Amino acid sequence: MSFSAPSIGSSGGRSALKAFEFGRTHVVRPKGKHQATVVWLHGLGDNGSSWSQLLETLALPNVKWICPTAPTRPISAFGGFPSTAWFDVEDLSEDAPDDLEGLDASAAHVVNLLSTEPADIKLGVGGFSMGAATALYSATCFTVGKYGNGNPYPANLSAAVGLSGWLPCAKTLSNQLQGVDEATRRAQSFPVLLCHGKGDDVVSFKFGEKSSKCFSSTGFQDVSFKAYNGLGHYTIPEEMDEVCAWLRYKLGLDGTSA
């Protein structure tokens, strides 16, 4: 597989089209009646397998989990060293450029994974760290009705969860939602759960906090932000219990076994 060099911060002109192969997808089938399907996206350098093992232990028998693996690509923050990643990152700062091409490709991969789900199944997206960023980006694509490149966004999402992450393209979200009645309506009713540890030394707690405020200030009226004292850049059972309870409520899961 050959990689073309990643273009960083190229605001003018189109970057050379890069085709990255996504890795293996791991599926956790529902133990009870199938009511919802959630695509869950791992963090930088991880894979779908590790999260599928954790999600399988959760008390959500009505949820099918789809855990894909990101492509292996050169990462600018690592000096071009390759790693599994949903998009390229230069550094984790508010002024760092967003890799729109990578974000769109990963958001489209999520849509593709959900495309064969039955019509009566609720669809959600969630993730950890960079996976959370991709999930939250997918949520904004859904509410705006299109990807960053302007192509229509076809999936009908019902919820988004972001753990220890951030919201990409936060500065342009308000402009994207303005003047589009349908987008404003979707934003008002779309549920988002953000969880972040106050001791996070990888993705600063302030990024999670600012992401929550950005959602709220742009018209998202169903945003929950949960802070965890002493929690670093990892998850704990208390946090996953919160995710379970929130998904159960927001997706209307009844907990019955088939």
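1. The sheet. In this predicted model, seven strands form an open sheet, and their order is β1-β3-β2-β6-β7-β8-β9. The pairing within this sheet is mixed. Strands β1 (26–28) and β9 (222–228) occupy the edges, and each has a single partner strand, so one side of each is left without a neighbour in the sheet. From one strand to the next, the twist averages 15 degrees. As background for the reader, strands of a sheet pair through backbone hydrogen bonds, either parallel or antiparallel.

2. Strand β2 and its two partners. Strand β2 (residues 36–41) runs parallel to strand β3 (residues 63–67), and four bridges join the two. Within this pairing, Val-39 stands opposite Ile-66 of β3. Strand β2 also runs parallel to β6, to which six bridges join it. Here Thr-37 stands opposite Leu-123 of β6, and Trp-40 has Gly-126 of β6 as its bridge partner.

3. The burial of β2. Six of the six residues of β2 are buried, so this strand is largely enclosed by the rest of the structure. In a regular strand the side chains alternate between the two faces of the sheet. In β2, Ala-36, Val-38 and Trp-40 point one way, while Thr-37, Val-39 and Leu-41 point the other way. The residues of both sets are buried.

4. Strand β6. Which strand follows β6 through parallel pairing on the way to β8? Strand β7 does: five bridges join β6 to β7, and the two run parallel. One of the residue pairs is Val-125 with its bridge partner Ala-160 in β7. Strand β6 is mostly covered, with six of its seven residues buried.5. Val-110 and the sheet. Val-110 belongs to helix α2 (residues 100–114). With a relative accessible area of 1%, Val-110 is buried. Apart from neighbours within four places in sequence, the contacts of Val-110 are Val-39, Leu-41 and Val-125. Val-39 and Leu-41 are among the residues of β2 that point the same way as Thr-37. Val-125 is the residue whose bridge partner in β7 is Ala-160. By contrast, 25 Å separates the C-alpha atom of Val-110 from that of Asp-254, which is 144 residues away along the chain.

6. Helix α3 on the sheet. Helix α3 lies across four strands, namely β2, β6, β7 and β8 (191–197). Relative to β6, this helix runs at about 145 degrees.

7. Helices α3 and α4. At what angle do helix α3 (residues 130–144) and helix α4 (residues 170–177) pack? The angle is about 15 degrees, and the axes are 10 Å apart. Angles under 35 degrees count as roughly parallel; α3 and α4 are therefore roughly parallel to each other. The crossing of α3 past α4 is left-handed. On the α3 side, Thr-140, Thr-143 and Val-144 take part, and they meet Leu-173, Gln-176 and Leu-177 of α4. By class, the residues of this contact are three nonpolar, three polar and no charged.

8. Helices α3 and α5. Helix α3 also packs against helix α5 (residues 181–189), at an angle of about 135 degrees and with the axes 7 Å apart. The two helices are therefore oblique to each other. Phe-142, Thr-143 and Val-144 of α3 make this contact with Ala-183, Arg-186 and Ala-187 of α5. The contact comprises four nonpolar, one polar and one charged residues. Thr-143 and Val-144 of α3 are thus named here and also in the contact with α4.

9. Ser-129, ahead of α3. Ser-129 lies in the loop between β6 (122–128) and α3. The phi of Ser-129 is near 60 degrees, which is a positive value in a residue other than glycine. Is Ser-129 buried or exposed? Ser-129 is buried, its relative accessible area being 7%.

10. Cys-169, ahead of α4. Cys-169 is placed in the loop between β7 (159–163) and α4. Although Cys-169 is not a glycine, its phi is positive, at about 55 degrees. Its relative accessible area is 13%. Buried means under 20% relative accessible area, and Cys-169 is therefore buried.

Note on methods. Residues are numbered from 1 along each chain as its sequence is written. This is a predicted model: local features need pLDDT of at least 70, side-chain atom pairs count only at pLDDT 80 or more; totals for chains, interfaces and linings use all residues. Side-chain values use heavy atoms; hydrogens and water are left out. Axes are lines fitted to C-alpha atoms, for helices over the stretch in contact, and angles run from 0 to 180 degrees between N-to-C directions. Angles under 35 degrees count as roughly parallel, over 145 as roughly antiparallel, 65 to 115 as roughly perpendicular and the rest as oblique. A crossing is left-handed if the near helix is turned anticlockwise from the far one by less than a right angle, and right-handed if clockwise. Contact means heavy atoms within 4.5 Å. Ala, Val, Leu, Ile, Met, Phe, Trp, Tyr, Cys and Pro count as nonpolar, Asp, Glu, Lys and Arg as charged, and the others, Gly among them, as polar. Buried means under 20% relative accessible area, exposed over 50%, partly exposed in between (1.4 Å probe, protein chains only). Two strands pair if DSSP finds at least two bridges between them.
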